[in-house]
Amino acid sequence: MTAPASPPGPLRDAGPTVGQIVLVEHGEWAVVGRATYRNEGLHSEEWECRKGSETAYLLKETERGQVRWFFARQIALSAVALPSGASLDRRPRTDDGSPPPSLAFRGQTYRYETTTEGQYEERPGQAVGKTTWEYWDASRAYNLALERWPDGRLDAYHGAYVDAATIHVRPGRRASSVAIAALVAGLVYFFALVGGLPFDRCTGISLVLGGVVGLARALYHAPSAAAAALILTPALGVVFYRFPPLTTVPGLIALIVAPALMARWAGRAPAVPKGAVRSAAFFTTGLPLLVVGLYYYFTFAPGPHSVGQYALALGPAFLGGVGAAAIAGLVLKAAE
C-alpha cells in the first residue's frame with residue numbers, strides 16, 4: 001500500500017513530471033508522457049494526460065519570450081462536422097489536403113485561422129513532422145485543432161488557454177481513503193477481538209473508527225468539502241434516525257440531495273481532487289447510516305442476534321455510501 005500523498009500544490013514553472021496527477025478544469029489527469037514541439041518562433045512542451053478512457057494534453061508554449069499554458073482534450077473525428085454537415089471521419093480520401101474553411105463541434109462553429117508546420121519529438125533524436133490546422137470560435141476563447149501526421153493520420157483536439165494559477169499537481173500514487181479506513185478497521189477489530197469482545201461489537205467499533213479515519217483523510221485531500229461534511233454528517237445522523245433512507249421518502253431524498261450538495265459546494269474550488277470528494281461523500285453518508293444501524297441493532301434487535309440481523313444493520317451504510325459517491329461523481333462530472 002502506498003503512503004499518503006501531500007495535498008495538491010501549485011504547478012511549477014518547469015511543469016509536471018510523469019507519474020504525477022494534474023488537477024485542471026475540475027478534473028484529475030494522470031501524466032503518462034512528455035514530448036516537445038518546435039516550429040519557427042515557437043517551442044512547446046507537452047504532457048500527455050489520461051483520465052479513464054480520455055486523453056488530453058497540457059502544453060507550455062514559449063513564443064517570443066512569452067509563456068502560456070494550454071489544455072486540450074482529444075476528441076473523436078466523428079464528433080467534428082464539416083461545412084457539408086458530414087462528420088470529419090467521413091471526409092473523402094480524394095480531398096486535396098487543404099484545411100476546411102470551418103468546422104463545427106457541439107453546436108459551435110470554428111473558423112480556420114492558420115496552418116503551422118513543426119517537429120514533434122517524444123524521444124530524443126526521433127522527431128517527426130506534424131502539420132496543425134488551427135480553428136477558433138467567434139470569441140476566440142476556444143480552439144479546435146486538427147493534426148496531420150506523415151502517415152496520413154488525422155487527430156482532433158478541443159481546448160483553451162488556462163491560467164497557470166488554476167493548475168495544481170500532486171503525487172500520482174496514494175492509497176485511497178477507503179483503503180486506509182479498511183486498514184484501520186482491521187487493526188481495531190483485531191485488538192478488540194483479542195480483548196474478548198463479541199464479533200458484532202468488534203466489527204461495529206472497528207467500522208465506526210475506520211469510517212471516522214476515512215472521512216478525515218478524504219477531507220485532508222479535499223478541504224473544500226470539509227465545511228459541508230461537518231454540517232451534513234451529524235444532520236444526516238438525525239434525519240436517518242427518524243427516516244431510514246431505504247424505507248422512507250424523506251430519508252431517500254436526504255440520501256440523494258446531501259452528496260449532490262457536497263459535490264456542488266466542494267467543486268467550486270479551482271483544484272479539487274474529485275476522488276477525494278467522492279470519498280468524502282461516501283463517508284459523510286455511510287458513517288451516520290452505520291451508527292444509526294448499529295444503534296437499532298444493539299437496542300432493538302431481538303436476541304439471540306443473527307447474521308441476518310447484523311447484515312440488515314450494516315447493509316444500508318454500504319449501499320448508501322456507494323450511492324452517495326456515485327451521485328457526487330455525477331455532479332462533479334456535470335460541472336466540468
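**View A. Tyr110 lies in strand S9 of this predicted model**. Strands and helices, numbered from the N terminus, are DSSP runs of at least two residues (E) and at least four residues (H or I), respectively. In this model, local features need pLDDT of at least 70 and side-chain atom pairs pLDDT 80 or more, whereas totals for chains, interfaces and linings use all residues. Residues are numbered from 1 along each chain as its sequence is written, and side-chain values use heavy atoms, with hydrogens and water left out. Tyr110 counts as buried because its relative accessible area is 4% (buried is under 20%, exposed over 50% and partly exposed in between, with a 1.4 Å probe and protein chains only). Along the chain, Tyr110 and Ala254 are 144 residues apart, and their C-alpha atoms are separated by 43 Å.

**View B. Strand S3 is joined to strand S9 in an antiparallel arrangement**. Strand S9, which covers residues 108-121, is connected to S3 by three bridges (strands pair if DSSP finds at least two bridges between them). One position to look for in this view is Arg38, whose bridge partner in S9 is Gln119. The strand that contains Gln119 also holds Tyr110, the residue of the preceding view.

**View C. Strands S2 and S3 form a hairpin**. Strand S2 spans residues 21-24 and strand S3 spans residues 27-39, and the two pair in the antiparallel sense over four bridges. Within this pairing, Val22 stands opposite Trp29 in S3. Two residues separate the strands of this hairpin, and Glu25 in the turn has a positive phi of about 50 degrees.

**View D. Strands S3 and S4 form a hairpin**. Strand S4 takes up residues 42-51 and runs antiparallel to S3, to which it is joined by nine bridges. At one position in this pairing Asn39 stands opposite Leu42 in S4, and at another Gly33 has Glu48 of S4 as its bridge partner. The turn has two residues between the strands, and Gly41, located there, has a positive phi of about 90 degrees.

**View E. Strand S4 also pairs with strand S5, again in the antiparallel sense**. The partner strand S5 consists of residues 54-63, and 10 bridges are found between S4 and S5. In this pairing Glu46 stands opposite Leu59 in S5. The hairpin of S4 and S5 has two residues between the strands, with Gly52 taking a positive phi near 65 degrees. Strand S4 is mostly covered, since eight of its 10 residues are buried.

**View F. Cys49 and Cys202 are both buried**. Cys49 counts as buried because its relative accessibility is 0%, and Cys202 is likewise buried, with a relative accessible area of 0%. Cys202 has its place in helix H2, which comprises residues 199-221. From C-alpha to C-alpha, Cys202 and Leu154 are 60 Å apart in space, while in sequence they are 48 residues apart. A search of the whole structure finds zero disulfides (a disulfide being a pair of cysteine sulfur atoms within 2.5 Å).

**View G. Arg106 has a positive phi although it is not a glycine**. The phi value of Arg106 is about 55 degrees, and the residue sits in the loop between strand S8 (102-105) and S9. With a relative accessibility of 75%, Arg106 counts as exposed. By contrast, Tyr110, which belongs to the strand that follows this loop, is buried.

**View H. Arg140 also has a positive phi while being a residue other than glycine**. For Arg140, phi is near 55 degrees, and its place is in the loop between strand S10 (127-136) and strand S11 (143-148). A relative accessibility of 44% is the reason why Arg140 counts as partly exposed.
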